[in-house]
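Q: I should like to learn how the architecture of a model is read, from its sheets to its packed helices. Please give the general idea before each case.

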Amino acid sequence: MKTLDRLISQLRRHEPAIEYRESLQDTIMKNIRSRKRKIDYVFGWTDIIWLRKSLAFASFIIVFAFVIQQLFVVDRINKLEKRMISINTEKILEYQRENVIVNSVIMKHQDASQLTDSINVSTDDLLNLIREYRELQYRYEKMLGSQIRKDRNKQKL
Amino acid sequence: MKRKINVILVSLVMLIMSSCEGPDALVINIVREDGSLTRKIILTYTKDEFDLDKCQVPVDSTWNITKEYDISEKGDTTYTLTAVRDFDSVEELNKMYDNYEGSNKGMTRQAYFQKKFMWFNNLYRYTEHVGKAMNGYPPKDFFTEEELDFFYMPDKLVEARLEKADSSQVKKNIIEPMEEKYDTWLSRSLVKVLVDKIADTVKSNPAIGIDTTLLYEKEEELAMSIFISSSDEKEVLDSLMGSGFYESNSVLIDTVMSDFEKEFNVAFNTDDYLIQTIMPGKLMATNGFVDEEGNVLWEVNGDVMLSSDYDMWAESKVRNTWAWIITFVFLAFVITGLIIRVFRR
């Protein structure tokens, strides 16, 4: 700070005089003019009113179109959530395997529907009945299997 | 006529059972951005007997076929046949549908693929269309939106839905009313087809003295009497249309009935199958059901195509990264230019 104050006081004391004032003025003006004439290839368009306005308008349209499109996409995806279900391809195939097995049990008795004393049963009830029957059959066989194993063990002893 | 209607009534009862005879089918479509697709057909059966000519959808021995079997915990053996083929376009698939002679040969099926360029994204739409069997009432005229969801829902999904905590509510508020309406929809549709056919015949043969306006007026009563109460058709027609109506128009009624039966059989003979579609990019919308893997699922059966066209469609989008980059660069250029101008001032 002291150095700066000293410099300022020195300058004030000596009063620097410009010897060639007009020449200096000309040089400065010449430089300014030559700088103005330089073409700005990148952002020169900002000086052309119609181009500047057009590009600004185009940018606005693009942003607007983008927002509208994204809103449209989000809305459709939100609606899609209502159609989501908890199942996958493996479960579907598992269901199909179970279904053909159950159907094969029904089809063993194809003539049943033609009998005079036949009754109407809803398909859902029939399928449930057969599933329950098969479950019981499986448990029974499993139980029977363990009984046979027990008997064998007794015989061995 | 009595015999024919009885056949139809038995058919209605047996409608669902008709799919029990052969293998169950799951058709998987993997759709790609260029419109080509891979179709995979998975047939499941209790016997190692797969007749590809009778399959629910077109398939032949030129497909890439593999077989395997599975023995369940309960000791049941099931066989699975998987057939895979690549299609360059849906047109190629449609040609197969046109030449199809299998169990669902009465069905009109077409596939469509559309691609829409929307600068930031490309939208894709894949549709499988099944033409209606007869001109009855579309289900949407009878069922609510919620009921329609269950109407079109594959059986397994209905079962899974009913395993949830609110199942009794769903059963009471949706399933049961839907089942009640189902009979009305079916009977009204069938009677409408019959009445339309009689009206068309009368229109082309004015000599036939039938008051078709009266027939249309009595449509609901006819449906109730013939299909719901299973009353004698002769008595019903005579009581509604005037004594002797049945006898004097028996030839016309028989002709109309045989025509009707042909159309009805298309729906009745439908061999059910499931269609799963995997779309390119991110799934956006569909009228099917979206599974845990993001694939779309529909069931094709006699009900869904009995009286209205069934379009199974799915839409997806793929982001155009190059368009995003161009847009970003352009916006950055314009905004920078404008900012620089403000600072220059």
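A: Two strands pair if DSSP finds at least two bridges between them. Strands (E, at least two residues) and helices (H or I, at least four) are DSSP runs, numbered from the N terminus. This is a predicted model, in which local features need pLDDT of at least 70 and side-chain atom pairs count only at pLDDT 80 or more, while totals for chains, interfaces and linings use all residues. Residues are numbered from 1 along each chain as its sequence is written, chains are lettered from A and ligands numbered from 1 in the order in which they are written, and side-chain values use heavy atoms, with hydrogens and water left out.

Q: What is the strand order of the open sheet of four strands in chain B?

A: Strands of a sheet pair through backbone hydrogen bonds, either parallel or antiparallel. Here the order is E5-E6-E11-E8 of chain B, and the pairing is antiparallel. Strands E5 (109-118) and E8 (282-286) of chain B are the edges, each pairing on one side only. Between neighbouring strands of this sheet the average turn is 20 degrees, direction ignored.

Q: How many bridges join E8(B) to E11(B)?

A: Four bridges link E8(B) with strand E11 (residues 310-319) of chain B, and the two run antiparallel. Within this pairing, Ala285(B) has Glu315(B) in E11(B) as its bridge partner.

Q: Which helices lie across strands of this sheet?

A: Angles run from 0 to 180 degrees between N-to-C directions, and axes are lines fitted to C-alpha atoms, for helices over the stretch in contact. Contact itself means heavy atoms within 4.5 Å. Helix H3(A) lies across E5, E6 (121-130), E8 and E11 of chain B, at about 70 degrees to E8(B). Helix H2 (residues 90-98) of chain B lies across E5 and E6 of chain B, at about 170 degrees to E5(B).

Q: How is the open sheet of seven strands in chain B ordered?

A: In a regular strand the side chains alternate between the two faces of the sheet. The order in this case is E3-E4-E2-E1-E7-E10-E9 of chain B, with mixed pairing. Its edge strands are E3 and E9 (289-290) of chain B, each of which pairs on one side only. Strand E2 (residues 37-45) of chain B is joined to strand E4 (residues 77-87) of chain B by nine bridges, in the antiparallel sense; there, Leu37(B) is partnered by Phe87(B) in E4(B). Strand E3 (residues 64-71) of chain B also pairs with E4(B) in the antiparallel sense, over eight bridges. Tyr69(B) stands opposite Tyr79(B) in E4(B), and Asp70(B) stands opposite Thr78(B) in E4(B).

Q: What connects E3(B) and E4(B) as a hairpin?

A: Five residues lie between the two strands of this hairpin, and Gly75(B) in the turn has a positive phi of about 90 degrees.

Q: How should the packing of H3(A) against H11(B) be read?

A: Two packed helices are described by the angle between their axes and the distance between the axes. H3(A) and helix H11 (residues 321-344) of chain B pack at about 140 degrees, with their axes 10 Å apart. This angle makes H3(A) oblique to H11(B). Angles under 35 degrees count as roughly parallel, over 145 as roughly antiparallel, 65 to 115 as roughly perpendicular and the rest as oblique. H3(A) passes H11(B) in a left-handed crossing (the near helix is turned anticlockwise from the far one by less than a right angle; clockwise is right-handed). Among the residues that meet are Leu55(A), Ile62(A) and Phe66(A) in H3(A), and Trp324(B), Phe330(B) and Leu338(B) in H11(B).

Q: At what angle do H5(B) and H10(B) pack?

A: Helices H5 (residues 167-204) and H10 (residues 250-268) of chain B pack at about 130 degrees, their axes 10 Å apart. H5(B) is therefore oblique to H10(B). H5(B) passes H10(B) in a right-handed crossing. The residues of this contact are nine nonpolar, one polar and three charged, where Ala, Val, Leu, Ile, Met, Phe, Trp, Tyr, Cys and Pro count as nonpolar, Asp, Glu, Lys and Arg as charged, and the others, Gly among them, as polar.

Q: Where do Lys79(A) and Asp75(A) lie?

A: A salt bridge is a side-chain nitrogen of Lys or Arg within 4 Å of a carboxyl oxygen of Asp or Glu. Lys79(A) and Asp75(A) form one (3.4 Å, N to O). Both residues lie in helix H3 (residues 49-80) of chain A, four residues apart, about one turn of the helix. Over all chains, the structure holds 19 salt bridges.
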